[in-house]
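This note is offered to a colleague who is meeting the structure for the first time. The points below concern one helix and two backbone positions.

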Amino acid sequence: MKVAFYTLGCKVNQYESQSLSELLNKFGFETVGKDENANVYIINSCTVTAESDRKTRQAVRRFKRNNPDSVVVLTGCMPQAYPEDAKALLQADIVIGNKNNSDLPEILEEFFRDKKRRVLTSKHETGDPFSSCSISSFEERTRAYVKIQDGCNRFCSYCIIPVSRGRVRSKPLEELKEELLKLASSGYKEVVLVGINLSSYGQDIGKEFSDAVELACSIDGIERVRLGSLEPDHLTDEVVEKLSKCKKLCPQFHISLQSGCNKTLKRMNRHYTAEEYKELCSSLRKHFNDCTLTTDVMVGFCGESDEDFNESLNFVKEIGFEKVHVFPYSVRTGTKAEKMDGHLPKAVKEERSAIMISECEKIRSAFLASQVGRTVNVLFESKEKDGMILGHTSNYTPVKVCGEHSLFGTFRDVKITDTEGDCCIGEII
């Protein structure tokens, strides 16, 4: 039996697809590419935006249309958050929530026996344990994502994640150590610790976020440790101080902002002010040499006035993020924001998004240009369409050089000579 995966969404979803792939391999399935012929196609969905749901529906219909005799499985966050919508996608032969992923081998066995459609979406409950999951490899990449945390207790007014992911749950340190040792023995030199609300790690098991980072940095063979997206209110001065002592920790931090306007942050039910966020950025840049900061910014949230938007725009320019993911607000059914006043027209949100993106691209271009002439250490990862080899510095600056596949998985010193689009160009020293 052959199984293929189509994964939407965040790094946690990508990790879970890999974990599910390894689980199914133990039951005799062979994992193949999504464009190959397979007996089973698994769509691991995201539901963070309305666009994510659209892509999920489109994928389910496309895979069934192109492979009518194969089994199409819909899993992930979309059926977990909106089980009735998922159930209505009749092209999916099996519908399960992310809480039920570990049951998929048995569910597939039952389906092959009687060919009856299965729909199983159990709700997350307070007190649920961290679902045991582990990987020994990560596709063919030189960098491996490692899920250490799941769930969120924040209940931001626009967000459905507490429904789709449940409450904060953390991977025990002994399980994390075992997984990291396996990845190191498989040759992975860089790992990325990921979670739904990563910096809340340890709240449920009497540990701290820094404990997991310190453990990862202690593993022989792993030379770089990166962090997934972080919430700013968990990153206290004490935590930043502890992280700064982890010598393998990469000085690149993706700190979720959403808005630089305090009024908007309050409506969003975010747990910090713009001033507190700015102090955190200053602290990180102080404690980490060659530090880069990236973020997410939402525009067009309910009630956002022109003044609010400009305040957020000016804040983003003031911080000078090295990269920004900009997206317009979209309504999530079942959230507090759904019933708020002041929803903005699509045209207004698109206009503000274009303005924010334009300004952020200017900052990004200036940052990349500032790297020309520097000598940096790069871990090479993949071959690009133009034939060049792509890698990243410790602060996640993308660098391309002329080279061969033999560079994959190796660290090399590179002198940056130019920029091209969203990338630096260099020469190996």
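1. In helix H5, which spans residues 104-114, the buried residues are Leu104, Pro105, Ile107, Leu108 and Phe111. Viewed down the axis of H5, these buried residues fall within an arc of 160°, so they line one face of the helix. The reader should bear in mind that the model is predicted.

2. Against which elements do the buried residues of H5 pack? Their partners are helix H1 (11-26) and four strands: E3 (40-45), E4 (71-76), E5 (94-96) and E6 (118-120).

3. Lysine 115 comes just after H5 and belongs to the loop between H5 and E6. The phi of lysine 115 is near 60°, which is a positive value in a residue other than glycine. As background, most residues other than glycine have a negative phi.

4. Is lysine 115 buried or exposed? Its relative accessibility is 56%. Exposed means over 50%, and lysine 115 therefore counts as exposed.

5. A positive phi is also found at glutamine 258, where the angle is about 75° although the residue is not a glycine. Glutamine 258 is placed in the loop between strand E11 (252-254) and helix H10 (262-268).

6. The relative accessibility of glutamine 258 is 7%. Buried means under 20%, so glutamine 258 counts as buried. Of these two loop residues with positive phi, lysine 115 is thus exposed, whereas glutamine 258 is buried.

Key
Residues numbered from 1 in each chain as written. Predicted model: local features only at pLDDT ≥ 70, side-chain atom pairs only at ≥ 80, totals over all residues. Heavy atoms only, no water. Buried < 20%, exposed > 50% of the residue type's maximum accessible area, 1.4 Å probe, protein only. Helix = DSSP H or I, 4+ residues; strand = E, 2+ residues; numbered from the N terminus. Arc of directions from axis to C-beta. Contact = heavy atoms within 4.5 Å.
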